[in-house]
Amino acid sequence: QVQLVESGGGLVQAGGALKLSCVVPGTTLRLQDIGWWRQSPGKQREMVALVTGTSNKNYADSVKGRFTISRDSAKNTITLQMNNLKPEDTATYYCHLVSGAYWGQGTQVTVSS
């Protein structure tokens with residue numbers, strides 16, 4: 001059973017920063033496609049940032065230049081550094097391991113104006 005454990009969400013004012021972490025115990029992430037998706041009420045879940053098995057990084061247009069995804073294979077961890085947060089970034093953020101379609105439980109990010 002693959003588990004994805006997220007942390008780091010919270011409440012922040014617009015313009016602030018948060019860092020999300022996702023640990024995947026016992027799973028080698030080095031060659032995996034893994035990333036962050038988000039979902040807000042009434043909207044579809046959308047990809048925010050993805051790091052591929054070849055270490056390419058893809059970002060949603062709405063977060064380019066503000067968010068940075070990183071992978072630490074030695075720690076089986078990915079992180080999402082979110083800077084200059086906006087109210088429209090408010091959502092539940094999910095860590096997603098594409099191979100096997102595994103999802104974390106989600107962590108709430110709320111950005112106040």
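This report walks through one strand and a group of charged residues in a predicted model.

**Strand β3 and its partners**

Let's start with strand β3, which covers residues 18-23. Which of its residues sit on the covered face? L18, L20 and C22 do, while K19, S21 and V23 are on the uncovered one. That fits a handy rule of thumb: along a regular strand, side chains take turns pointing to one face of the sheet and then to the other.

β3 also has partners. It pairs with strand β1 (residues 5-7) in the antiparallel sense, over 3 bridges. One residue pair to look for here is S7 with its bridge partner S21 in β3. With strand β8 (residues 77-82), β3 pairs in the antiparallel sense too, this time over 6 bridges. There, L18 has M82 of β8 as its bridge partner.

**Salt bridges**

Now for the charged residues. Oppositely charged side chains can pair up when their charged atoms get close. How many salt bridges does the model have? The count comes to 4, and the table shows some of them.

| Pair | Closest N and O atoms |
|---|---|
| R38 and D89 | 3.0 Å |
| K64 and D61 | 3.1 Å |
| D89 and R66 | 2.8 Å |

Take the R38 and D89 salt bridge. R38 lies in strand β4 (residues 34-39) and D89 in the loop between β8 and β9 (91-97), so this pair ties together parts that are 51 residues apart in sequence. Both of these residues are buried.

D89 has a salt bridge with R66 as well. Since D89 is in the loop between β8 and β9 and R66 in the loop between β6 and β7, the pair ties together parts 23 residues apart in sequence. Again, both D89 and R66 are buried. Along with E46, the residues R38, R66 and D89 are linked in a network of salt bridges.

What about D61, the partner of K64: is it buried or exposed? D61 is exposed, because its relative accessible area is 64%, and over 50% counts as exposed.

**A closer look at R66**

R66 sits in the loop between β6 (57-59) and β7 (67-72). Why is R66 called buried? Its relative accessible area is 8%, and anything under 20% counts as buried.

The R66 side chain has a polar atom 2.8 Å from the backbone oxygen of S62. A polar contact of 2.8 Å also joins the side chains of R66 and D89. Setting aside neighbours within four places in sequence, R66 is in contact with Q81, M82, N83, N84, L85, K86 and D89.

Definitions and conventions: Residues numbered from 1 in each chain as written. Predicted model: local features only at pLDDT ≥ 70, side-chain atom pairs only at ≥ 80, totals over all residues. Heavy atoms only, no water. Helix = DSSP H or I, 4+ residues; strand = E, 2+ residues; numbered from the N terminus. Buried < 20%, exposed > 50% of the residue type's maximum accessible area, 1.4 Å probe, protein only. Polar contact = N/O pair within 3.5 Å; in protein donor to acceptor, adjacent residues only side chain to side chain. Contact = heavy atoms within 4.5 Å. Pairing = 2+ DSSP bridges. Salt bridge = Lys/Arg side-chain N within 4 Å of Asp/Glu carboxyl O.
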